[in-house]
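Trainee: I have a model open and would like to learn how to read its features one by one. Where do we begin?

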2 protein chains.
Amino acid sequence: MHFDDKIPIYYQIKAHIYHEIITGTLQPGEKLPSVRQLALDVTANVNTVQRALSEMIAAGIIDSKRGKGNFVTMDETKITDLKTQLITEQVARAYQQLHALNLSDEEILNSLKHYMTQRGNAE
Amino acid sequence: MHFDDKIPIYYQIKAHIYHEIITGTLQPGEKLPSVRQLALDVTANVNTVQRALSEMIAAGIIDSKRGKGNFVTMDETKITDLKTQLITEQVARAYQQLHALNLSDEEILNSLKHYMTQRGNAE
DNA sequence: ACTAGTGTTCTATTTATCTATTACACTGTA
DNA sequence: TACAGTGTAATAGATAAATAGAACACTAGT
């Protein structure tokens, strides 16, 4: 797994698993790989994986069952809320940073559209 | 100055000064506050400020003159290029992260528009 | 020459993160 | 009961980032 060395690894692992849950790669109620297997998968230490999991457990997205494993919550409302929250965070952060560079709403939209068309042509 | 504890402070100081240069708060050729004053301004250590400045000097955005001070480059092309680069980086990162959440181009645009109208009404 | 203000460099210490390792607690199965 | 597979916790060590403090190098004005 590729890590951005400017952000803590446990934080990136959390984002990675959240993505898998939101995109349905991990279904509600599905069992996650064991912490030891996850550590191998992302080439990190068990403790680092555990720290990421702890935050997801505290957030109610993961249910931890000692001796059995870690499971994605069955509560699909929580997953929907999580997706909404992550999207809002991303959009807000991007908007604020571009706005801080003195771009108007229209310029921000145009920059994004321009990026999309360029990206579309390249594929 | 408010810091995000997930990102190195020297990195955030650099972003902060880049913003001031791009928005014209700091004009081309203008002298920056001394490193000691900057450290007070952002409530960080001189060495941390110096590390941020070193990267901007290496990037050619800041000219350092020992005994005199640090100055914004006179080369406005470099500033324009920097602005373009930062915008592209922000747009690309935001797009990729939203795309990774399985949002289509249209959904990404709509999320952004929705955020803008909500934000507009709140002001 | 002196001094104040500037950038620059160095050392030592602290803190957060990550790793490695070991141990403990619980579940299910043979 | 034994054992393998799971989550959890604790310790010790390594590294990067940030701080504190001191010193050095250069410039301009007195």
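Mentor: With empty space inside the protein. Rolling a probe the size of a water molecule over the atoms shows where empty space is left. This is a predicted model, and here the largest cavity has a volume of about 130 Å³.

Trainee: How many cavities of 30 Å³ or more does a search of the whole structure find?

Mentor: The search finds 1. The largest cavity is lined by 14 residues, and those closest to its centre are A:A94, A:L98, A:L112, B:A94 and B:L112.

Trainee: Which elements each supply at least two residues of that lining?

Mentor: In chain A they are α4 (76-100) and α5 (105-122), and in chain B they are likewise α4 (76-100) and α5 (105-122).

Trainee: How does the lining of the largest cavity divide by class?

Mentor: Count the residues of each class. The lining has 12 nonpolar residues, 2 polar ones and no charged ones.

Trainee: Both chains turn up there. How do I read the relation of chain B to chain A?

Mentor: Lay one copy on the other and note the turn and the shift. Chain B can be laid on chain A by a turn of 179° with a shift of 0.0 Å along the axis, and the RMSD is 0.1 Å. That is the relation of a two-fold axis.

Trainee: Why can one say that the copies meet through the same surface?

Mentor: Compare the interface residues. Of those in chain B, 100% are also interface residues in chain A, so the copies meet through the same surface.

Trainee: Now the DNA. Which residues come nearest to strand C?

Mentor: Start with the list of surrounding residues. There are 24 around DNA strand C, and A:I9, A:N47, A:T48, B:Q50 and B:S64 come nearest.

Trainee: What parts of DNA strand C lie within 4 Å of the protein?

Mentor: Sort the DNA atoms by where they belong. For strand C, 67% of the atoms within 4 Å of the protein belong to sugar or phosphate, and the rest belong to bases.

Trainee: Which atoms pair with phosphate oxygens of strand C?

Mentor: Look for polar atoms of the protein beside them. A polar backbone atom of A:N45 is 3.1 Å from a phosphate oxygen of DNA strand C. The side chain of A:R51 has a polar atom 3.1 Å from a phosphate oxygen of the strand, and for A:K68 an N or O atom of the side chain is 3.3 Å from one. As for elements, α3(A) gives the largest share of the surface near strand C, 3 residues. By class, that surface has 5 nonpolar, 11 polar and 8 charged residues.

Trainee: And which residues are closest to DNA strand D?

Mentor: Strand D is surrounded by 24 residues, the closest being A:V35, A:Q50, A:S64, B:I9 and B:T48. Of its atoms that come within 4 Å of the protein, sugar and phosphate account for 67%.

Trainee: Which side chain lies 2.9 Å from a base nitrogen of strand D?

Mentor: That of A:N47, through an N or O atom. Other parts of strand D have partners too. A polar backbone atom of B:N45 is 3.1 Å from a phosphate oxygen, and an N or O atom in the side chain of B:R66 is 2.8 Å from a sugar or linking oxygen.

Trainee: Which element gives the largest share of the surface near strand D?

Mentor: α3(B) does, with 3 residues. The surface near strand D divides into 5 nonpolar, 11 polar and 8 charged residues.

Technical notes: Residues numbered from 1 in each chain as written. Chains lettered and ligands numbered in written order. Predicted model: local features only at pLDDT ≥ 70, side-chain atom pairs only at ≥ 80, totals over all residues. Heavy atoms only, no water. Near = heavy atom within 4 Å. Polar contact = N/O pair within 3.5 Å; in protein donor to acceptor, adjacent residues only side chain to side chain. Helix = DSSP H or I, 4+ residues; strand = E, 2+ residues; numbered from the N terminus. Nonpolar A, V, L, I, M, F, W, Y, C, P; charged D, E, K, R; others polar. 1 Å grid on protein atoms, 1.4 Å probe; cavity = no way out; pocket = protein on both sides within 12 Å on 5 of 7 lines; lining within 4 Å. Points joined across faces, edges and corners; volume = space filled by probe spheres on them. Least-squares fit on C-alpha atoms with pLDDT ≥ 70 in both. Contact = heavy atoms within 4.5 Å.
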